[in-house]
Amino acid sequence: DFVYEGELPDGTRRVINLDPYMPYGFGERNQRKFLIAFKTPDGFLQRRKYAEFALQLLDHERARGNEYKTIRVYFERWDRSPVGYEFLHTPLFTTRDFLTQVE
């Protein structure tokens with residue numbers, strides 16, 4: 001999954017909820033979240049689009065009164081579990097790859 005974190009003026013970070021920006025069904029939401037239409041073998045275009053989306057998100061969040069200095073984008077992975085999709089989505093079982101940061 002992708003995680004967008006906003007950095008506040010005091011240096012703390014807060015996860016930004018994307019639900020208000022992606023009010024679609026699961027399949028459409030995944031297509032938009034993963035930017036599938038921009039996937040290339042080298043990943044360059046897709047990475048650039050993540051930065052563009054993060055800049056738009058930063059503008060929208062500031063307009064909503066959130067004083068974020070930056071937004072960082074991460075891709076998180078965790079193993080599947082028969083107990084449920086999010087069951088192993090904990091710090092112990094999750095790896096996090098940094099994708100980009102915008103100001």
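**Close-up views of salt bridges and the nonpolar core**

**View 1. Glu5, Glu76 and Arg96 form a linked network of salt bridges.** This is a predicted model. Within the network, the side chains of Arg96 and Glu5 meet in a salt bridge, with N and O 3.1 Å apart. Arg96 belongs to strand β4 and Glu5 to strand β1, so the pair ties together parts that lie 91 residues apart in sequence. The two partners differ in burial class. Arg96 counts as partly exposed because its relative accessibility is 36%. Glu5 is at 11% and therefore counts as buried; the cut-off for buried is under 20%.

**View 2. Asp97 and Arg77 form a salt bridge.** The closest N and O atoms are 2.4 Å apart. Asp97 sits in strand β4 and Arg77 in strand β3. The pair links distant parts of the chain, 20 residues apart. Asp97 has a relative accessible area of 29%, so this residue is partly exposed. Arg77 is also partly exposed, with a value of 45%.

**View 3. Asp1 pairs with Lys33 in a salt bridge.** Here the closest N and O atoms are 2.6 Å apart. Asp1 lies in the segment before β1, whereas Lys33 is part of helix α1, residues 26-34. The pair links distant parts of the chain, with the two positions 32 residues apart in sequence numbering. Asp1 has 22% relative accessibility and so counts as partly exposed. Lys33 has 9% and counts as buried. A search of the whole structure finds 11 salt bridges, among them Asp1 with Lys33.

**View 4. Tyr4, Leu57 and Ile71 touch the most other members of the largest nonpolar core.** This core holds 20 residues. Four elements each supply at least two of its residues: β1 (2-7), α2 (44-63), β3 (70-78) and β4 (94-102). Helix α2 gives the largest share, six residues.

**View 5. Ile71 and its contacts beyond four places in sequence.** Which residues does Ile71 contact once its neighbours within four places in sequence are left aside? The list starts with Tyr4, Glu5 and Gly6, followed by Ile16. Next come Ala54, Leu57 and Leu58. Thr100, Gln101 and Val102 complete the set. Two of these partners, Tyr4 and Leu57, are named with Ile71 as the core residues that touch the most other members. Glu5, another contact of Ile71, also takes part in the salt-bridge network with Glu76 and Arg96.

Conventions: Residues numbered from 1 in each chain as written. Predicted model: local features only at pLDDT ≥ 70, side-chain atom pairs only at ≥ 80, totals over all residues. Heavy atoms only, no water. Core = buried A, V, L, I, M, F, W, Y, C linked by side-chain atoms within 4.5 Å. Buried < 20%, exposed > 50% of the residue type's maximum accessible area, 1.4 Å probe, protein only. Contact = heavy atoms within 4.5 Å. Salt bridge = Lys/Arg side-chain N within 4 Å of Asp/Glu carboxyl O.
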